[in-house]
Structure formats: structure tokens, C-alpha cells
Amino acid sequence: MNPRIIAVCVLFRLYLSSSAQKNYLLESKPEKDQRMEWWREARFGMFIHWGLYAIPAGEWKDKTTHAEWIRTTAQIPLKEYDQFVPQFNPDQFNAKAWVQMAKDAGMKYITITSKHHDGFCLWDSKETDFDVMSTPFKRDILKELATACREIGGIRLCFYHSIMDWHHPDYNERRNWEKDRPVAGTDRKRYIAYMKRQLKELVTNYGDIGVFWFDGEWEGFWKHEDGVDLYNYLRGLKPDVIINNRVDKGRGGMAGMTTAGGYAGDFGTPEQEIPETGLPGVDWESCMTMNNNWGYNKADQQFKSTKDLIQKLVDIASKGGNFLLNIGPKADGSFPQESIDRLKAIGDWMKVNGESIYGTNASPFEHTSWGRVTQKTAGNKTYLYLHVFDWPKDGVLHLEGIGNKPQYVYQLWNKEKLPFIANSNSLMVQLTGPSPDENDAVMVLEYWEKPLVYKAPVISTYSADFILATDAVISLPAGENRTEIRYTTDGSDPVANSPLYTSKLNITQSSTVKAASFYKGQLVSGVVSKSFKK
Ligand code: H79
């Protein structure tokens with residue numbers, strides 16, 4: 001080939017690789033579905049917050065309430081905080097034991113702090129001395145975890161990486177109490193380049209990383225453009241990697257969801273909370289602590305019960321989300337005993353009931369008084385998993401709003417069939433009590449056709465407070481075309497001969513509109529209501 005053409009081609013490729021970063025925000029839905037597949041299947045992961053802050057274990061001077069934020073909450077000067085580096089020597093650390101505990105608990109991934117806000121790096125980074133190789137321990141913790149994940153199998157390694165950094169001078173947004181770290185001569189672009197080089201180490205040298213979980217994005221330092229750029233940069237290095245929404249600026253507070261368009265990030269990140277309802281078409285993961293702190297705090301004994309943790313996992317799965325449950329290992333590298341005990345108990349439950357969690361979708365029911373529902377479709381079969389938190393006193397489990405009959409009803413733990421009666425809009429299952437599992441006992445409805453679940457209507461209006469008149473619009477969720485809506489305006493619950501809704505209501509007086517779905521003259525949904533004020 002003509003050398004001049006070759007030269008032009010080389011230059012063009014250089015141009016492409018340098019400036020023309022691909023825009024991964026334009027990915028199609030099938031592409032995203034494929035990339036998210038393992039993560040949606042997994043449903044349950046382990047968060048690990050570990051770093052220098054495990055050494056003070058929450059205690060500084062007269063207070064014992066600190067944790068991974070200790071450098072800031074106790075206002076520790078950098079020089080003093082650096083003194084933890086020569087003290088970090090977790091001689092009980094055993095990567096295989098950690099990975100095995102996660103696996104035995106039924107978890108499918110581990111998200112560990114490669115770097116938290118304090119800036120300390122748990123791996124052998126070429127980019128900084130503020131890393132584990134400067135400690136007496138001198139072992140690459142992330143490398144050992146990556147190896148353990150590969151050897152044991154079934155656990156994906158993921159990294160939590162803080163954008164905010166209280167150690168690197170070029171992260172030039174200072175804590176308001178820091179007077180000894182001048183910002184003159186610092187360069188935010190240089191910090192971003194540093195972070196990118198570090199992330200390249202992490203995405204290149206530690207096997208098949210599942211997720212990058214960013215945090216600390218809320219400060220003014222970080223800009224929307226930085227988020228989009230970082231997202232595209234990492235996807236460019238590993239196209240199938242999954243990245244949380246805190247890479248960008250779209251997150252709405254601790255509720256954790258990105259609702260506006262144009263922001264980067266593959267899933268929402270509610271922190272210490274669970275959304276009220278499922279969010280159709282949205283991927284999200286609730287992260288929570290087992291006690292009240294992320295990093296190890298020796299004084300914090302307020303651990304959630306096993307029952308609470310299992311029911312949180314089920315609640316989250318029933319709303320279509322993932323559960324990222326945190327462990328704060330001690331400075332010696334061991335897990336707190338309370339955490340070990342709970343992981344073991346959750347694992348015992350998962351061994352019996354995992355099928356009702358992995359790969360399930362959100363409940364088709366709006367409300368079930370006795371517990372939660374998850375569902376899974378396989379071929380033309382659909383399984384509805386009824387998670388019974390509160391065992392019915394009369395031993396009869398009522399499921400309202402279901403219009404067709406399952407092929408079988410059985411107990412998940414031993415596949416034993418249960419008698420049931422199917423009405424036109426409900427199902428009654430005769431349980432054999434008492435409950436075999438106070439945490440959650442699961443019954444399965446096996447359908448050989450699509451289950452018909454009736455949805456309640458939704459009442460909407462331009463304004464519920466009005467001067468002369470306003471409109472109330474009542475609609476059924478998309479796809480619900482078998483039922484009809486009946487309504488009242490006097491505050492009573494709609495019945496079979498209440499007015500049929502056909503077009504929007506003109507409201508001229510203060511009133512309460514109530515509506516419900518009816519099928520062949522039978523109430524088949526819950527009652528919804530909305531108050532209007534003149
Ligand atoms: O790593 C753990 C915590 O150390 C870290 N995230 C978990 C996973 C964390 N950092 N800060 N916080 C938790 C709480 C901070 C909350 C706020 Fe904000 C930051 C309140 C105001 C700024 C985020 C942005 C929530 C509201 C706006």
C-alpha cells in the first residue's frame with residue numbers, strides 16, 4: 001500500500017482513539033439488557049467497607065461514633081491520619097474466607113472499597129504511595145480477592161471507588177475545617193487524570209470486574225461532563241462493565257434514583273432505604289448496613305436481626321431491585337462475629353429459598369397483607385412465589401386480585417402440594433401450619449399460562465386544590481384491558497353498581513373520589529382514593 005495512505009490511516013486511528021470517545025449513553029435497550037443480565041439475575045451482593053479507618057474502629061478522643069468518615073467527622077489532620085499507614089497489618093485477612101462467606105450467604109457479587117473518601121487504596125497502585133504497599137502488610141488485597149473469586153467461582157468482584165478524595169492535593173475541594181492544605185497550584189484536571197489511570201489499573205489487572213460503584217459525586221468539584229466522560233472512558237476500556245448512577249450528577253438524594261434523562265449510570269442507588277414500590281423498567285440496588293455503620297465501629301452493637309435482613313432482601317426482590325448488604329471488617333482482617341452469624345443464617349435460608357430470589361421480577365401485586373411476592377417466567381410457565389412473613393391464624397392464605405387458576409400450589413421447601421380454591425378474583429391456599437420458617441416461608445403458584453393479575457386504577461388530576469372546578473382522570477395501568485372502573489365521590493368504597501367510569505369527572509365541590517377495578521361485576525382490585533379541595 002502507498003505509504004502516504006498508510007500514514008493517513010494511522011493518523012486517523014490515532015484521532016479516533018484519542019478524541020472520539022464512543023458515547024455509550026446511546027446504547028440500545030437489547031444491548032443494555034444483555035449487559036445487565038448477570039446483575040439482574042444476582043439480586044444479592046456483599047458490600048465491604050475496609051480501609052485505614054478500621055484501625056480506630058470508630059473511636060477518636062472522647063467519641064465512639066465515627067467510622068469510615070472519621071478523618072472528617074473527627075477532623076483529623078492529614079499528617080495524623082497518615083499514621084494509620086504503618087499500623088495497617090491485618091494478619092487475619094484471608095481472601096478465600098471472605099469470598100466463601102459471601103458465596104455461602106447466597107450472594108453473587110462483592111463490591112469492595114478500592115478507595116473510600118479518605119483516599120487510601122487497597123491495591124498496589126503505581127499512581128500513589130498512599131496504598132496498601134506502604135503498610136507493613138504489603139499485600140495487594142484486591143489481587144488476592146480477584147484470585148479467590150476466580151478459584152472459588154460464582155462471585156463477581158466489583159469496586160466501590162470514591163470520586164471525592166480527602167488526601168490527593170488536586171482534589172481541591174477542602175473540608176471547611178482544613179486550614180493546612182492550601183489549594184494554590186492544584187489542578188482538578190490532574191486529579192481526574194490520576195483517577196482515570198487508577199481506574200485503568202483496576203479494570204485491567206483484576207480479572208473480570210462486574211461493577212464500578214462510584215460515590216462522593218455530590219460535591220461541586222464533580223461536574224456532569226466529568227460523569228459522562230468517566231462513564232464513557234470505563235465502558236471504552238471494558239464495554240460490558242456496569243456503572244452505578246453516582247458516576248454522574250443525576251442522583252436525587254438518598255432515595256438514590258436518577259429520574260431526569262441525559263445522565264450517565266446504569267442503576268439507581270438508594271442508600272439505607274428501600275423504595276416504596278417497584279419502579280418498572282428501572283434497575284436499582286439498595287445498599288444497607290447490618291448495624292449502623294459502613295466502616296467497622298467496635299461500639300456499634302445495633303445489628304439488624306436475621307429475620308429483618310431476609311425480609312429486606314425479599315422486599316427488595318419483590319420490587320425488582322438488588323440488595324447490597326454491607327460488612328465492615330475489623331483492622332485484623334476478620335469479619336465481626338455478628339456479621340458472620342447473620343451471613344450464615346441468611347445462607348441457610350437462601351439454600352432452601354434461593355429460587356424465589358435469583359432471576360426474579362417485581363411482584364405483579366400492589367399489596368399483599370401477609371408478605372411479599374416475587375415472580376419468574378420460564379418458557380410458558382410462570383412461578384409466583386408467595387413469601388409468607390405473617391402466618392395466617394386460620395391457616396388460609398388469601399391472594400386477592402388474581403383471575404386464573406394455577407396448575408399447582410406447593411411449598412417451596414419440600415415441593416409438597418397444597419389444596420387451594422380459585423375464585424374469579426382471588427385464591428385461597430390451605431397452608432399446613434405452623435410456619436416452618438419464622439423468617440419467611442415460601443409457597444409457589446405454578447402457572448402454565450400467564451397469571452391474570454388485576455390492577456387498581458390510578459386517579460390523576462391537574463390540581464387537587466381548585467377554585468371553581470377541576471377534572472379527575474381515572475385510568476388503568478397499561479395492558480389492563482379486561483376490567484372496568486367503577487367510582488364514587490361520596491367517600492364510600494365503590495361496589496358493583498357504583499357508576500361506571502367512562503370519561504373524566506368534572507369536580508365542582510370538595511370531595512373524595514374512590515375507584516376500583518371490576519371484572520364481570522366483581523371487585524378485583526384494591527380501592528384507590530384522592531381528595532379534592534375547593
Ligand atoms: O460509603 C458509604 C458512606 O460512607 C457514603 N456512602 C455509603 C455507601 C456516604 N457518604 N456520605 N453519605 C454516605 C451521606 C451523605 C449524604 C449527603 Fe447528600 C451528601 C447529604 C448531602 C450531601 C447525597 C447528596 C445525599 C443528598 C445529597
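**View 1. Tyr160 and the ligand.** In this predicted model, an N or O atom in the side chain of Tyr160 sits 3.3 Å from an oxygen atom of the ligand. Trp69 offers a similar kind of pairing: a side-chain N or O atom of Trp69 is 3.0 Å from a ligand oxygen. For His49, the separation between a side-chain N or O atom and an oxygen of the ligand comes to 2.6 Å.

**View 2. The shell around the ligand.** Zoom out a little and you'll find 15 residues surrounding the ligand. The closest are His49, Glu68, His116, Asp215 and Glu271. What classes of residue make up this shell? By class, six are nonpolar, four are polar and five are charged.

**View 3. Helix 5 against helix 6.** Here helix 5 (residues 95-104) packs with helix 6 (residues 141-152), their axes coming within 8 Å and crossing at roughly 50°. That angle makes helix 5 oblique to helix 6, and the crossing of the two is right-handed. On the helix 5 side, the contact uses Ala95, Lys96, Trp98, Val99, Gln100 and Lys103. Helix 6 brings in Glu144, Leu145, Ala148, Cys149, Glu151 and Ile152. Sort the residues of this contact by class and you get seven nonpolar, one polar and four charged.

**View 4. Helix 7 alongside helix 8.** The axes of helix 7 (residues 188-205) and helix 8 (residues 224-237) come within 11 Å, with a crossing angle of roughly 25°. Since angles under 35 degrees count as roughly parallel, helix 7 is roughly parallel to helix 8. Their crossing is right-handed. Helix 7 makes the contact through Arg188, Ile192, Met195, Lys196, Arg197, Leu199, Lys200 and Val203. Facing them from helix 8 are Asp226, Asp229, Leu230, Tyr233, Leu234 and Leu237. How many polar residues does the contact of helix 7 with helix 8 have? There are no polar ones, just eight nonpolar and six charged residues.

**View 5. Helix 9 packed on helix 10.** For helix 9 (residues 306-318) and helix 10 (residues 337-353), the packing angle is about 50° and the axes are 10 Å apart. The two helices are therefore oblique to each other, and helix 9 and helix 10 cross in a right-handed sense. Look for Thr306, Leu309, Ile310, Leu313 and Val314 in helix 9, meeting Arg342, Ala345, Ile346, Trp349 and Met350 in helix 10. This contact has eight nonpolar residues, plus one polar and one charged.

Notes:
Residues are numbered from 1 along each chain as its sequence is written. This is a predicted model: local features need pLDDT of at least 70, side-chain atom pairs count only at pLDDT 80 or more; totals for chains, interfaces and linings use all residues. Side-chain values use heavy atoms; hydrogens and water are left out. Axes are lines fitted to C-alpha atoms, for helices over the stretch in contact, and angles run from 0 to 180 degrees between N-to-C directions. Helices (H or I, at least four residues) and strands (E, at least two) are DSSP runs, numbered from the N terminus. Angles under 35 degrees count as roughly parallel, over 145 as roughly antiparallel, 65 to 115 as roughly perpendicular and the rest as oblique. A crossing is left-handed if the near helix is turned anticlockwise from the far one by less than a right angle, and right-handed if clockwise. Contact means heavy atoms within 4.5 Å. Ala, Val, Leu, Ile, Met, Phe, Trp, Tyr, Cys and Pro count as nonpolar, Asp, Glu, Lys and Arg as charged, and the others, Gly among them, as polar. A residue is near a molecule or strand if one of its heavy atoms lies within 4 Å of it. A polar contact is a pair of N or O atoms within 3.5 Å; within protein, one must be able to donate a hydrogen and the other to accept it, and residues adjacent in sequence count only if both atoms are side-chain atoms.
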